[in-house]
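User: Please give me a close look at a single part of this model, its nonpolar core. I should like one connected account that also sets this part within the rest of the chain.

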Amino acid sequence: MTIKSEYKAPVLRNKIDVLTKQKVFDDKLGKYQHKYSFYKKVYSSVRLVRKKSREGQADTEYAVLTHEITLRERSLPDIDETYRFRYKNLLLQAKYIDYDFDREGMVIVQCEQVVE
């Protein structure tokens, strides 16, 4: 007897880098600083959710891009809003973290693109 499950996990085909604030010794200053550095790689699903254009000062325009990252809860059990993600040439800052109640064990992270 086989049991069919209606649970369908999203396809986690994108490998992303997770960055966290870590204590790093700065040789130039001679003291410790907190900087974003590589923590681990995880598989996830990345998709663009919202793209807004805004006008700034002195007739400039800028865009606010919001991405949604879906990953397994076991991959990052201690996730919070200080985490950053690097996918290809994008650097994404976590803004909101939601647990997906339809698919157990999955976390949805709303991120905004960071421009440095």
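Analyst: A contact, in what follows, means that heavy atoms lie within 4.5 Å. The structure is a predicted model, in which local features need a pLDDT of at least 70 and side-chain atom pairs count only at pLDDT 80 or more, while totals for chains, interfaces and linings use all residues. Residues are numbered from 1 along each chain as its sequence is written, and side-chain values use heavy atoms, with hydrogens and water left out.

The framework comes before the core. The chain contains 0 helices and 6 strands (DSSP runs numbered from the N terminus, a helix being H or I with at least four residues and a strand being E with at least two). Followed along the sequence, the pattern is β-β-β-β-β-β. Of the 116 residues, 36% are buried (buried means under 20% relative accessible area, exposed means over 50%, and partly exposed lies in between, using a 1.4 Å probe and protein chains only). When contacts between residues at least 6 apart in sequence are considered, 47% of them join residues at least 24 apart.

The core itself is the part requested. A nonpolar core is a set of buried Ala, Val, Leu, Ile, Met, Phe, Trp, Tyr and Cys residues joined through side-chain atoms within 4.5 Å. In this model the largest one has 18 residues, and Ile16, Ile69, Leu76, Ile79, Phe85 and Val109 are those with the most contacts inside it. At least two core residues come from each of strands E1 (14-26), E2 (31-55), E3 (61-72), E4 (84-87), E5 (90-100) and E6 (106-113). The greatest contribution is that of E5, which gives 4 residues.

Isoleucine 69 offers a good place from which to view this core. The residue belongs to strand E3 and is buried, its relative accessible area being 0%. Apart from residues up to four places away in sequence, isoleucine 69 touches Ile16, Ser44, Ser45, Val46, Phe85, Leu92, Val107, Ile108, Val109 and Cys111. One of these partners, leucine 92, stands 23 residues from isoleucine 69 along the chain, and the two C-alpha atoms are separated by 9.6 Å. Isoleucine 79 may be read beside it: with neighbours within four places in sequence set aside, its contacts are Phe85, Ile97 and Val109. Phe85 and Val109 are thus in contact with isoleucine 79, and they are also touched by isoleucine 69.

Charged side chains complete the picture. Side chains of opposite charge can pair when their charged atoms come close. The structure holds 3 salt bridges (a side-chain nitrogen of Lys or Arg within 4 Å of a carboxyl oxygen of Asp or Glu). In one of them, lysine 41 pairs with aspartate 17, the closest N and O atoms being 2.9 Å apart. Lysine 41 is in strand E2 and aspartate 17 in strand E1, 24 residues apart, and the pair links distant parts of the chain. Aspartate 17 counts as buried at 15% relative accessibility, whereas lysine 41 is partly exposed at 47%.

Another salt bridge brings together the side chains of arginine 47 and glutamate 68, at 3.0 Å from N to O. Arginine 47 lies in strand E2 and glutamate 68 in strand E3, so this pair ties together parts that are 21 residues apart in sequence. Here glutamate 68 is buried, with a relative accessible area of 13%, and arginine 47 is partly exposed at 47%.

Aspartate 100 and arginine 103 also form a salt bridge, their closest N and O atoms being 2.7 Å apart. Aspartate 100 is located in strand E5 and counts as buried at 11% relative accessibility, while arginine 103 is partly exposed at 24%. Beyond its neighbours within four places in sequence, aspartate 100 is in contact with Met106 and Ile108.

Lysine 88 provides a contrast with the buried residues described above. It is found in the loop between E4 and E5 and is exposed, with a relative accessible area of 70%. Its phi is near 55°, a positive value in a residue other than glycine.

Finally, the confidence of the prediction should be noted. The chain has an average pLDDT of 85, and 90% of the residues score at least 70 (pLDDT is the predictor's confidence in each residue, from 0 to 100). Among the elements of the chain, the mean pLDDT is lowest in E3, at 86, and highest in E4, at 95.
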